[in-house]
Amino acid sequence: MSLDPDPSPSTSRDWFYPSSSFLSSTPPSKTPKIPKRFSAIPRISKPYLPDSRSWKPSTHHSFSSSNSIPHSDAKYAGIRRRIDFARRSENTQRSDASEVVSGQRTDNSAVSSAVSRDKTASGERFNGLLKVNDLEVNLRSFNLVEPFCLNKIFDQLFKLNVRLRECNIIAEEVSLNKQLEYRVDVFLSVHPYAKPLALLVATLLLICLGGLALFGVTDDSLADCLWLSWTYVADSGNHTNSEGIGPRLVSVSISFGGMLIFAMMLGLVSDAISEKFDSLRKGRSEVVEKNHTLILGWSDKLGSLLNQLAIANASLGGGTIVVMAERDKEEMELDIGKMEFDLKGTSVICRSGSPLILADLKKVSVSKARAVIVLAEDGNADQSDARALRTVLSLTGVKEGLRGHIVVELSDLDNEVLVKLVGGDLVETVVAHDVIGRLMIQCARQPGLAQIWEDILGFENCEFYIKRWPQLDGMQFEDVLISFPDAIPCGVKAASCGGKIILNPNDSYVLQEGDEVLVIAEDDDTYSPTTLPMVWRGSLPKDFFGPKSPEKILFCGWRRDMEDMIMVLDASLAHGSELWMFNDVPEKERDKKLIDGGLDISRLTNIILVNREGNAVIRRHLESLPLESFDSILILADESVEDSAIQADSRSLATLLLIRDIQAKRLPYREAMVTSVHRGSFSQGSWIGEMQQASDKSVIISEILDPRTKNLLSMSKISDYVLSNELVSMALAMVAEDRQINDVLEELFAEEGNEMHIRQADLYLREGEELSFYEIILRARQRREILIGYRHANAEKAVINPPAKSERRRWSLNDVFVVIAEKE
């Protein structure tokens with residue numbers, strides 16, 4: 001072995017300095033070529049690959065006495081492996097490496113076939129064989145060149161391979177048992193009638209074996225023995241008539257087998273009945289209905305939605321509503337049973353399932369439903385809309401197709417485009433957050449409009465209907481207005497415009513063939529046109545509207561669509577109006593949110609933004625505001641708590657009570673005595689009475705998410721108007737009954753087009769003048785308005801679509817009229 005003549009010091013702990021006797025054992029004049037049994041490069045253990053070459057010792061190894069280490073120096077053989085050869089010359093390394101590779105190839109070529117046969121026999125199933133092969137490879141990394149040592153090692157390796165092959169045979173036997181068990185398990189799981197079939201086979205096998213046994217111990221024929229075996233199986237008491245030891249033993253055995261079989265059969269029948277009842281209880285059975293209304297999801301709007309749908313179906317003698325949600329069926333039925341309303345003959349069927357699974361949609365007969373309503377989930381708006389989008393994707397993937405349309409409730413207006421893009425013409429969307437926001441703005445500008453919207457959107461009173469009347473073809477729209485004694489025409493669905501609904505058309509519009517009339521009526525079967533009555537038109541007392549005066553409005557809270565509400569107010573309010581925003585959002589962050597939402601504050605033309613930072617449920621923060629000077633105060637469901645309806649309503653209720661109390665304390669005593677009126681059954685000295693007096697000075701619009709909270713506020717009358725999710729439920733029910741109404745609602749809620757207005761009576765009549773409702777309708781047409789109702793000065797509610805329209809009555813200038821007109 002050749003070492004470097006001038007070794008340098010090394011810090012490795014494995015460095016070894018051989019003694020002089022070891023170095024002198026090899027003549028320096030001649031350096032023989034000895035095949036190295038280990039690499040000069042530091043070894044890195046690698047996992048054994050199945051296709052790596054195997055090796056075994058060659059039968060021809062020639063070692064020179066001068067080349068081998070003497071037995072006296074055998075102690076150095078184990079240490080030689082640890083010598084670092086990194087200091088060898090490059091030529092010596094290359095030559096030695098080539099010799100090692102050649103030696104390895106010679107060894108491997110001789111033993112590759114033997115080891116490969118061993119690997120084939122073992123099937124490469126055990127890691128033990130891999131460990132043996134790793135041991136073989138590791139042995140090559142050491143300089144164990146003694147033949148007797150190698151023979152010992154390979155004898156042991158051979159014995160290990162034999163034992164591994166024996167273990168492999170045992171493993172194959174175990175795997176066969178497991179495979180048989182698996183096949184039986186699959187057969188029983190996949191085939192629904194596998195268990196009864198197995199029981200039948202076991203019964204026949206018992207009868208046959210029992211008959212053959214009886215045939216062997218009795219003198220009867222085989223047929224009689226088989227019949228007797230069946231009687232023992234069917235009735236274990238028949239074996240009492242057996243005589244003889246042999247027949248009795250056989251009959252008792254057959255009877256025991258029969259009892260076991262009948263016990264198994266009884267268990268199968270009991271399990272089948274239990275599974276069926278459990279399936280019915282958990283709502284897993286298929287709904288066999290058609291022309292039903294399907295509701296997907298569960299939210300706090302479900303109660304009012306079911307109520308509106310039940311009222312809509314009352315004229316038809318009731319209907320069927322199917323509710324599917326990811327809840328337990330019994331819990332859903334229990335919650336619906338707690339809702340205090342009359343279903344009026346409508347059946348409500350609950351099923352547990354996910355609207356994202358096609359099998360569950362098929363279970364509720366989605367392809368046969370006349371309308372599918374997708375409710376928004378309570379909680380985060382983006383997550384709720386994302387789930388609604390996936391639900392629409394599932395509905396569009398139904399193979400049988402959909403018979404009806406899809407009504408989707410969304411939480412964010414920005415997601416409406418995606419849902420319509422996925423659903424196409426099948427989808428009608430109702431953005432709950434946007435509907436409530438626009439209604440709040442309209443009600444803030446026109447107090448009393450909330451009650452009118454409740455009357456029109458709900459099915460209890462009057463609502464929109466569209467129907468074709470051929471007898472009206474060729475008639476002008478002005479004449480159509482006075483042709484329905486029990487309805488009020490509002491627009492036309494023009495066939496010439498592709499079925500577009502024209503709200504508040506010109507008087508000169510002539511109905512053509514195929515046109516349909518949009519009316520406000522109590523029900524779709526309660527109105528029809530009659531002959532034209534004689535109506536005196538008259539003249540208007542005023543020919544113009546007075547200029548709008550600036551208003552001062554306060555927003556308490558922060559909504560996600562605040563920028564949209566500001567832009568709508570800027571377009572509708574007079575120049576110089578003020579919008580105060582009071583919330584706990586920092587002013588800098590406020591501006592950033594408005595800008596990110598698309599609002600350019602510098603382009604606001606009519607309103608001036610006044611920012612105030614504070615908590616709306618802390619009294620001292622509210623006292624810093626001039627609450628008595630605002631024309632309208634809007635209490636918004638704050639964005640920070642909108643995920644929880646109860647928490648948002650509690651915050652809104654606390655803010656309302658604090659504002660009313662502060663206003664009552666600031667109201668002058670004399671003015672309070674003058675303006676006090678008796679409201680309900682509350683005394684003037686009570687705190688509610690004081691708040692009612694304060695409400696005469698400014699209008700408060702409260703956004704309430706839970707309908708139960710709305711009922712409490714309506715009873716106390718401390719808030720003038722309450723807008724809740726119940727209005728959204730009404731809109732969903734109306735669009736579900738007739739999808740065309742969604743176009744009407746979108747225009748009435750939009751920034752442009754027509755909207756509802758409350759007008760003073762002095763615009764249409766004079767004090768003490770007696771006019772019929774038809775005559776006032778024609779006077780309103782001179783202003784391009786459609787009159788739909790009125791409210792007397794001493795009444796709390798407006799009358800929409802009044803009866804006896806031809807009857808004359810005396811009107812007061814303090815009365816107000818409800819009209820549909822173009823936005824000012």
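## Exercises on a predicted model

**Warm-up: strand β17**

Task: Work out whether strand β17 is enclosed or not, and find which strand pairs with it.

Step 1. Five of the seven residues of β17 (residues 754-760) are buried, so the rest of the structure largely encloses this strand. Keep in mind that we're working on a predicted model.

Step 2. Now for the partner: β17 pairs with strand β22 (residues 816-822) in the antiparallel sense, over seven bridges.

Step 3. To pin down the register, take E755, which sits opposite A821 in β22.

**Exercise 1: the whole protein**

Task: Get a feel for the overall make-up: how many helices and strands are there, and what share of the residues is buried?

Step 1. Count the elements: the protein has 25 helices and 22 strands.

Step 2. Of the 824 residues, 44% are buried.

Step 3. Look at the surface next. Its accessible area is about 43,000 Å², and carbon and sulfur atoms own 55% of that.

Step 4. Finish with the contacts. Take those between residues at least 6 apart in sequence: 76% of them join residues at least 24 apart.

**Exercise 2: the six-stranded sheet**

Task: Lay out the strand order of the open sheet of six strands, and say which strands stand at the edges.

Step 1. Reading across, the order is β3-β2-β1-β4-β5-β6, and the pairing is parallel.

Step 2. The edges belong to β3 (347-352) and β6 (427-431); each has a single partner strand, so one side of each has no neighbour in the sheet.

Step 3. From one strand to the next, the twist averages 20°.

Step 4. Zoom in on β4 (residues 371-374) and β5 (residues 405-410): these run parallel and are joined by four bridges. Among the bridge partners, I373 goes with V407 of β5, and V374 goes with V408 of β5.

Step 5. On the other side of the pairing question, β5 and β6 also run parallel, with five bridges between them. Here E409 has V430 of β6 as its bridge partner.

**Exercise 3: what covers β5 and β6?**

Task: Go through β5 and β6 face by face and decide whether the residues are buried or exposed.

Step 1. Start with β5. Six of its six residues are buried, so β5 is largely enclosed by the rest of the structure.

Step 2. Split β5 by face: H405, V407 and E409 lie on one side, with I406, V408 and L410 on the other, and all are buried. Both faces are covered, then.

Step 3. Move to β6, where five of five residues are buried. V427, T429 and V431 point one way, E428 and V430 point the other, and all of them are buried.

**Exercise 4: two helices side by side**

Task: Classify the packing of helix α5 against helix α7 as roughly parallel or roughly antiparallel, then describe the contact.

Step 1. Get the geometry: α5 (residues 194-217) and α7 (residues 245-281) pack at about 170°, and their axes are 10 Å apart.

Step 2. Apply the cut-off: an angle over 145 degrees counts as roughly antiparallel. That makes α5 roughly antiparallel to α7.

Step 3. List some of the contact residues: from α5 they include L199, A202, L206 and G210, and from α7 they include V250, I254, G257 and G258.

Step 4. Sort the contact by residue class: 14 are nonpolar, five polar and one charged.

**Exercise 5: a buried aspartate**

Task: Decide whether D570 is buried or exposed, and find out which residues D570 touches.

Step 1. Place D570 in helix α16 (residues 562-572).

Step 2. The relative accessibility of D570 is 9%, and buried means under 20%, so D570 counts as buried.

Step 3. Leaving out residues up to four places away in sequence, D570 touches R603, L604, T605, N606 and I607.

Step 4. Check one of these in sequence and in space: D570 and L604 are 34 residues apart in sequence, with a C-alpha to C-alpha distance of 6.4 Å.

**Exercise 6: the four-stranded sheet**

Task: Give the strand order of the open sheet of four strands, and find the helix that lies across β7, β9 and β10.

Step 1. The order is β7-β10-β8-β9, with antiparallel pairing.

Step 2. β7 (463-468) and β9 (500-503) are at the edges with a single partner strand each, so one side of each is left without a neighbour in the sheet. The twist averages 35° from one strand to the next.

Step 3. Inside the sheet, six bridges join β8 (residues 487-494) to β10 (residues 516-521), and K493 stands opposite E516 in β10.

Step 4. The helix is α24 (residues 741-749), which runs at about 45° to β9.

How values were computed. Residues are numbered from 1 along each chain as its sequence is written. This is a predicted model: local features need pLDDT of at least 70, side-chain atom pairs count only at pLDDT 80 or more; totals for chains, interfaces and linings use all residues. Side-chain values use heavy atoms; hydrogens and water are left out. Two strands pair if DSSP finds at least two bridges between them. Axes are lines fitted to C-alpha atoms, for helices over the stretch in contact, and angles run from 0 to 180 degrees between N-to-C directions. Buried means under 20% relative accessible area, exposed over 50%, partly exposed in between (1.4 Å probe, protein chains only). Contact means heavy atoms within 4.5 Å. Accessible areas come from the Shrake-Rupley method with a 1.4 Å probe; for residues, only the protein chains shown count as cover. Angles under 35 degrees count as roughly parallel, over 145 as roughly antiparallel, 65 to 115 as roughly perpendicular and the rest as oblique. Ala, Val, Leu, Ile, Met, Phe, Trp, Tyr, Cys and Pro count as nonpolar, Asp, Glu, Lys and Arg as charged, and the others, Gly among them, as polar.
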